[in-house]
Amino acid sequence: MAGLFNEVGYEAATIASLVERTGLTRGALYFHFPTKEAMARGVLAHAVTREGISPQEYKLQEWVDLGLVLAYRLPREPLLRAAVQLSVDPKARSLFGTRWPDWIDVGQDLLGEAKKRGELLPHAVPEEIARLVVGAWTGVQLVTETLPDSPGLAEEIARLYQLILPNVASPGVLAKLDTSPHRPERLLRPSEGPAAPGA
């Protein structure tokens, strides 16, 4: 189901094609999802996740980890890809909105805590940073997937944070943040222990 939304978008994903893709009968599909809109809402319900994010010494690192881990997972997880696809699809967006406000809230919470701890520069406003980075992150994702020979999404998102952080992070914290595109892979392998900064 998620794969079909990725491939053809919301409007072109017919009930017949969803039945074929899932291998369910029409009745079984309707038992779980009474409408195509309900299916799309089910996909979007899984969009905002903190899986792979663990407590760090700096809240700013947790905020960076959130974006890096999502960038690592998105190309590998059809459900997350479908949620982003539905968020940028004009027809789907007009029917049931997006999860971008939720992502902004998650980022704002982490950045607000970072601000209280003195991790941000005095002029840095958590609400503004969260909103602009969600927009920039989404734009980078859309451009990266369409350009030939572009680096992977995790590499591009790492560069995005490397450009933003010097303008918002206090110098002492900035020097200790890990923005490596390889960090998410390490974070998602908990058996190896916590990732060392810059490792």
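In this predicted model, Arg159 is partly exposed, with a relative accessible area of 42%. Its salt-bridge partner is Glu156, and the closest N and O atoms of the pair are 2.6 Å apart. Glu156 is also partly exposed, at 22% relative accessible area. The two residues belong to helix H10 and stand 3 residues apart, so about one helical turn separates them.

**Salt bridges**

Side chains of opposite charge can pair when their charged atoms come close. The whole structure holds 8 salt bridges, including those in the table.

| Pair | Closest N to O distance |
|---|---|
| Glu156 and Arg159 | 2.6 Å |
| Glu62 and Lys59 | 3.2 Å |
| Asp178 and Arg183 | 3.4 Å |

Glu62 and Lys59 are both residues of helix H5, set 3 residues apart, or about one turn of the helix. Both of them are buried. Asp178 and Arg183 are both buried as well. Through salt bridges with shared partners, Asp65, Asp178, Arg183 and Arg186 form one network.

**Overall make-up**

The protein has 12 helices and 0 strands. Of its 199 residues, 44% count as buried. Its accessible surface is about 10,100 Å², and carbon and sulfur atoms account for 57% of that area. Among contacts with a separation of 6 or more, 61% are between residues 24 or more positions apart.

**The core and helix H5**

In soluble globular proteins, nonpolar side chains tend to be buried together. Here the largest nonpolar core has 39 residues, and Leu60, Trp63, Trp137, Ile157, Tyr161 and Leu165 have the most contacts inside it. At least two core residues come from each of helices H5 (59–73), H6 (78–88), H8 (100–116), H9 (126–146) and H10 (153–164). H5 gives the most, with 8 residues.

Helix H5 has 15 residues and spans 21 Å from first to last C-alpha, close to the expected 21 Å. Because 15 of its 15 residues are buried, H5 is largely enclosed by the rest of the structure. Leaving aside neighbours within four places in sequence, Trp63 is in contact with Gly107, Leu110, Leu111, Ile129, Val133, Tyr161 and Leu165.

**Thr179**

Thr179 lies in the loop between helix H11 (171–174) and helix H12 (183–187). Is Thr179 buried or exposed? Thr179 counts as buried because its relative accessibility is 14%, below the 20% cut-off. Its side chain makes a polar contact of 3.2 Å with that of Gln162. Beyond neighbours within four places in sequence, Thr179 is in contact with Val64, Leu68, Ala158, Tyr161, Gln162 and Leu165.

Technical notes:
Residues numbered from 1 in each chain as written. Predicted model: local features only at pLDDT ≥ 70, side-chain atom pairs only at ≥ 80, totals over all residues. Heavy atoms only, no water. Helix = DSSP H or I, 4+ residues; strand = E, 2+ residues; numbered from the N terminus. Buried < 20%, exposed > 50% of the residue type's maximum accessible area, 1.4 Å probe, protein only. Polar contact = N/O pair within 3.5 Å; in protein donor to acceptor, adjacent residues only side chain to side chain. Contact = heavy atoms within 4.5 Å. Core = buried A, V, L, I, M, F, W, Y, C linked by side-chain atoms within 4.5 Å. Expected span 1.5 Å × (residues − 1). Areas by Shrake-Rupley, 256 points an atom, 1.4 Å probe, with all protein chains shown as cover. Salt bridge = Lys/Arg side-chain N within 4 Å of Asp/Glu carboxyl O.
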